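Thanks for making the time this morning. I would like to walk you through one model, starting with the ligand and then turning to the sheet, so please have a look at it before I go on.

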Amino acid sequence: MELKKGVILAFSAPSGAGKTTIVRSILAEFPELLFSVSATTRKKRHNEKNGVDYFFITEDEFKNKIDHNEFVEWEKVYDYYYGTLKSYINDNINNGKSVILEIDVKGALEVKNIYPEAVLIFITPPSFDELVKRLTNRQTEDEDDLKKRIERAKMELSLKNKFDYVIENNELDKAVSDAKSLIEKIIHKGER
Ligand code: 5GP
């Protein structure tokens, strides 16, 4: 009997919408889901581990991987390169394992082009103004970076209707529980 392929679940959201927290809660609840570790040229943050959060590589190494066709998709986001590794996705889904991707909006749409069976989930803030407020309040970016994130958020929000599911993060606990019920339906009940 042929092994059933794993599912690709791609989560996207504008910066500050709570995507990372939601994805972490899902990974804790569903240990059978594997997190797709992307490659990036951005610097490692103090709480991150190479090979766990990302493969941190140089721009030359990244370009070499592009030339060798090693990415499913790659994007330049806020001055750095980010890419989903083909080998990671294919090895796992062909072995029946489902993978979760946390990638930018354009990357997710590109994944859908290549794997039409992938499920795309968009985490949206209740409003654009609320997003700007959250980003400003968290004070993790300098002014220039903040501006870039806000500009990019406009583009990202304009593409949310292209996603299979949209989860609103107005209240974090509710958004986490909505996301968990959705994943439960997709991976255990086969809903798409
Ligand atoms: P951060 O630097 O905050 O970890 O990520 C910045 C943005 O890049 C986020 O929207 C994140 O989801 C996205 N990202 C991370 N990995 C990938 C990837 O492999 N491909 C694409 N297209 N975007 C990614």
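What you have in front of you is a predicted model, and I will begin with the residues around the ligand, of which there are 15, with Lys19, Ser38, Arg42, Tyr54 and Tyr82 coming nearest. If we sort the residues of that shell by character, seven are charged, four are polar and four are nonpolar.

Let me go through some individual contacts. The side chain of arginine 42 has an N or O atom 2.6 Å from an oxygen atom of the ligand, and for tyrosine 54 a polar side-chain atom likewise lies 2.6 Å from a ligand oxygen. With glutamate 102 the backbone is involved, since one of its polar backbone atoms is 3.2 Å from an oxygen atom of the ligand. As for how much of the ligand is covered, it exposes 520 Å² when taken alone, and the protein buries 91% of that.

Where does the ligand sit? The space it takes is the largest pocket, and the elements that give two or more residues to the shell are strand S5, residues 71–77, and strand S6, residues 80–85.

Now to the sheet, which is open and has five strands in the order S2-S7-S1-S8-S9, with parallel pairing. Strand S2 (34–35) and strand S9 (165–168) stand at the edges with a single partner strand each, so one side of each is left without a neighbour in the sheet. Strand S8, residues 119–124, runs parallel to S9 and is joined to it by four bridges; threonine 124, for instance, has glutamate 168 in S9 as its bridge partner.

Terms used
Residues are numbered from 1 along each chain as its sequence is written. This is a predicted model: local features need pLDDT of at least 70, side-chain atom pairs count only at pLDDT 80 or more; totals for chains, interfaces and linings use all residues. Side-chain values use heavy atoms; hydrogens and water are left out. A residue is near a molecule or strand if one of its heavy atoms lies within 4 Å of it. A polar contact is a pair of N or O atoms within 3.5 Å; within protein, one must be able to donate a hydrogen and the other to accept it, and residues adjacent in sequence count only if both atoms are side-chain atoms. Accessible areas come from the Shrake-Rupley method with a 1.4 Å probe; for residues, only the protein chains shown count as cover. On a 1 Å grid over the protein atoms alone, a cavity is a set of points where a 1.4 Å probe fits but cannot get out, and a pocket is an open set with protein on both sides within 12 Å along at least five of seven lines; lining residues have an atom within 4 Å of a point. A molecule sits in a cavity or pocket if more than half of its atoms lie within 2 Å of its grid points. Ala, Val, Leu, Ile, Met, Phe, Trp, Tyr, Cys and Pro count as nonpolar, Asp, Glu, Lys and Arg as charged, and the others, Gly among them, as polar. Two strands pair if DSSP finds at least two bridges between them.
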